[in-house]
Amino acid sequence: MNSSSDVLVIGGGAMGLATAIALTQQGAKVTILSRNFQEAALHAAAGMLAPQAEGLEPGPMLDLCIRSRDLYPDWTRQLTELTGLDAGYWPCGILAPTFADSPPRYTGDVEWCDRTTIHQHQPDLSPDIVGGWWFPQDAQVNNQQLAQVLLQSARQLGVTLEEGVGVTGFETKDQQIQQVQTTAGSWQAQTYVLATGSWSQELLPIPVTPRKGQLFAVQTPKQTLNKVLFGPGTYIVPRQNGRIVVGATSEDVGFAAYNTPGGIQSLLEKTIRLYPPLADHPLEACWWGFRPATPDESPILGHSPYHNLILATGHYRNGILLTPVTARLITDLIMTGQADPCLTNFSWQRFTSSSPSTERLALAH
């Protein structure tokens, strides 16, 4: 039996690491159980911080995303001060070009650029681009750098990281987790956090399913783009070292762990139509990842059917964006016992018409 922690975080991706870091900074003793760090969606993302460019409808989800985007400058600065490593945060803005045949994407108070203005914003766009929208507050982070910064931050703060340990089930009594069973024996803590992303249904019957995304990258000799391009069916995310990340498909194919010619071809066609110069640069890499999708494409956060299990999963295509606010909300909930009012909108209970007591019993047996 392993029982040396206040909080046991199940899942070692962005949510698990960031939450463990925040909890440790508040004085908690934290252990992370991570089955495979390299499987985390954190590694596969493009790193856009794009609540406005994504065209989210006004409401709780957009509010949460903007709240998290606004945390990014200070959050990444603090991580850099702790580790000496650059998280790759870049407030470059996002440009959303449109073709004449593009369907409407945005409503409300957004900044429209006509044909002349958008081609001044970004030279070498397709001549078929007729205009677009400019989102100066949206940004990006280099997710590969962020992954290393989070990992190093957790280590430096004394978080216990157990890599290669898969959780296989919960032992429960009276709507409490008594301990978790793993591939390395049983583990016990006062509080548990489920942050296993696309794999959450393996441990709890909540509606989180994998949505596969394929991406590729090209390498340019110099920085040819200075802002993210968010086009119809594709996005182009330039790094400051000349690398350009392009994504992403959205496929309901389970855990199909491979790239496909059709998936990459569709991205290439849309990307080259949007920004033709990309066709002439070396194709550096192709990869895929699994977004944890929910029926309403919003995360599941806060209390669970078990009194000492907290949920931090289901972030779908906004996982990188929502990492700092998720860590803050979950940490505050655990350390103070008080739930931020916004968590009501992201409760697991929105997916069931059963009463809370009935649902707890159903899940506990």
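Q: Which residues lie nearest the centre of the second largest pocket?
A: This is a predicted model, where local features need pLDDT of at least 70 and side-chain atom pairs count only at 80 or more, while totals for chains, interfaces and linings use all residues. Numbering starts from 1 along each chain as its sequence is written, and side-chain values use heavy atoms, with hydrogens and water left out. A pocket here is an open set of points on a 1 Å grid over the protein atoms alone, where a 1.4 Å probe fits, with protein on both sides within 12 Å along at least five of seven lines; lining residues have an atom within 4 Å of a point. The second one has 17 lining residues, and nearest its centre are Ala-22, Gln-25, Trp-75, Gln-78 and Arg-328.

Q: Which helix gives the most to the lining of the second largest pocket?
A: Helices (DSSP H or I runs of at least four residues) and strands (E, at least two) are numbered from the N terminus. Helix 1, helix 3 (60-83) and helix 7 each put at least two residues into this lining. With six residues, the top supplier is helix 3.

Q: Are helix 1 and helix 7 parallel, perpendicular or oblique to each other?
A: The axes (lines fitted to C-alpha atoms over the stretch in contact) of helix 1 (residues 14-25) and helix 7 (residues 319-336) come within 8 Å and cross at roughly 40 degrees. Under 35 degrees would count as roughly parallel, 65 to 115 as roughly perpendicular, over 145 as roughly antiparallel, and the rest as oblique. So helix 1 sits relative to helix 7 as oblique.

Q: How many charged residues are in the contact of helix 1 with helix 7?
A: Among the residues making this contact (heavy atoms within 4.5 Å) are Ala-18 and Ala-22 of helix 1, plus Thr-326 and Ile-330 of helix 7. Asp, Glu, Lys and Arg count as charged, Ala, Val, Leu, Ile, Met, Phe, Trp, Tyr, Cys and Pro as nonpolar, and the others, Gly among them, as polar. The tally is 10 nonpolar, five polar and, for charged, no residues.

Q: Which strand gives the most to the lining of the largest pocket?
A: Helix 1 and helix 7 turn up in this lining too, each with at least two residues, and so do strand 2 (30-34) and strand 13 (209-219), among others. By class, the lining has 27 nonpolar, 16 polar and six charged residues. The biggest share, four residues, comes from strand 17.

Q: Where is Ala-248?
A: A cis peptide bond joins Gly-247 and Ala-248, with omega about -20 degrees. Ala-248 falls in the loop between strand 16 (243-247) and helix 6 (261-274).

Notes: Axes are lines fitted to C-alpha atoms, for helices over the stretch in contact, and angles run from 0 to 180 degrees between N-to-C directions.
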